[in-house]
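Reader: I would like a close look at one part of this model. Please take me through the ligand site and its metal.

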Amino acid sequence: MTELNEHPAVIEICNQLKTLVSCDFVGLALQNVSGPDVRWHYAAGNLNDKYKRITVRFGKGVAGKIISSGSPMILENFPNEIIGKVTDHPIMLAENLISSYAVPLFFNGVPKGVLLVGKREAYTFTETEQKLVDESAHTLEHLLKAHIIL
Amino acid sequence: MDLISSKQQISSYIIDSQEEEIKRIALELHEGVGQNLYSILTGLQFVETGIKEPHMKNHLREMSLLIEKTIQEIRLLSVELHPPALTTLGLLPAVKNYIKLYTSTFGILVDLESDGDERPIPERKRIAVFRVCQEALVNIAKYADTSEVKMNFYWNENELKINIHDFGKGFQPVEPKDHTSSSGLAAMKERMYLTGGEFTISSKIGEGTSIQISLPF
Ligand SMILES: Nc1ncnc2c1ncn2[C@@H]1O[C@H](COP(=O)(O)OP(=O)(O)O)[C@@H](O)[C@H]1O
Ligand SMILES: [Mg+2]
């Protein structure tokens, strides 16, 4: 896809979501047009720019698991109760996140993106908050549909 | 034979057999599983050319993409377990390869500098030094809360010195005998000791952590 800053509507939705669920971090990962790499294209509330250099590993960590399974994922108290190693969760480490809720973005019926909200404290995202994330993800799917080559 | 050195021999034996096993699995993943998946991918791409229905074509393309992702992950897993460069090209190229993977995994930049001419190191020692560097970098990703690391190699007449500094939050190091729960640092020290080298760690809250490794030739 083209650079995200050419899509202010996408950025707007991420920023809005951060306010709506009053979380510390919002991240949007998308599969590259060429090749299978998935990267974090946009973040709000980030502490540093490590997310820009992270390539999501397929099947690993929050984002990688969501891309491979197509199901949402909740972490309430990282690194407790995780499956696999602490180092399988680079975005949690990079941004000092303790809790997160993340959902897949589907394009053409295939999970090719991740929308993640996170907090730097232990937390359980409420059903209302989860719904807000789900809705934002759907809006993003529509907005980005034209920009992801399928 | 006294007790100490026989204990050391056992440790060395365990480490060596573990490394052998890791190497075997890494190779099996890369040459075996990876190659097979690659053959399947080529086969699928061939089948795709003979299919007309757009729906089926699309389905096949998604399957190919999934296999491509799996091949890539298998390759990364294999390199992580035992980088082929460590056996074929030597310590420095292996560390350079690992750093690339490390930056794309954790987003942490590593500035690597090497002074002097690289010297050949026996494989056992090479693996030990590599593992200690790897463990140091993993600790940094886990605990240091930093975006950059400085790594220096100094190849001297009779020893290799490596310095890893993380500019992170630092911590209060405890004597290895005092902490029984976490043994990563103790294991790094022991591993360098078993290869005839040395390992020291120093850390200052707010300034970061430094690790020094030395290996006599
Ligand atoms: N680079 C570093 N920056 C900050 N703290 C560190 C660093 N390396 C190690 N530590 C601290 O030292 C402790 C012990 O590390 P280690 O023995 O490797 O155990 P672990 O199995 O938790 O990685 C860690 O829990 C951490 O608090
Ligand atoms: Mg450790």
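Author: Here is the metal site, followed by the ligand shell.

This is a predicted model, where local features need pLDDT of at least 70, side-chain atom pairs count only at pLDDT 80 or more, and totals for chains, interfaces and linings use all residues. Residues are numbered from 1 along each chain as written, chains are lettered from A and ligands numbered from 1 in written order, and side-chain values use heavy atoms, without hydrogens and water.

Start with the magnesium ion (ligand 2). B:Glu135 (OE) and B:Asn139 (OD1) coordinate the ion at 2.2 Å. Donors here are N, O and S atoms within 2.8 Å of the metal (3.2 Å for Na, K and Ca); water is not among the atoms, so the site may look incomplete. B:Glu135 and B:Asn139 sit four residues apart in helix H5 (residues 123–144) of chain B, so about one helical turn separates them. Helices are DSSP runs of H or I, at least four residues, numbered from the N terminus. B:Glu135 is partly exposed, at 27% relative accessibility. B:Asn139 is buried, at 16%. Buried means under 20%, exposed over 50%, partly exposed in between (1.4 Å probe, protein chains only).

Now ligand 1. Twelve residues surround it, and B:Asn139 is among those that come nearest. Near means a heavy atom within 4 Å. H5(B) gives the largest share of this shell, six residues. A backbone N or O atom of B:Leu185 lies 2.8 Å from an oxygen atom of ligand 1. For B:Gly184, a backbone N or O atom lies 3.1 Å from a ligand 1 oxygen.

How values were computed
Helices (H or I, at least four residues) and strands (E, at least two) are DSSP runs, numbered from the N terminus. A polar contact is a pair of N or O atoms within 3.5 Å; within protein, one must be able to donate a hydrogen and the other to accept it, and residues adjacent in sequence count only if both atoms are side-chain atoms.
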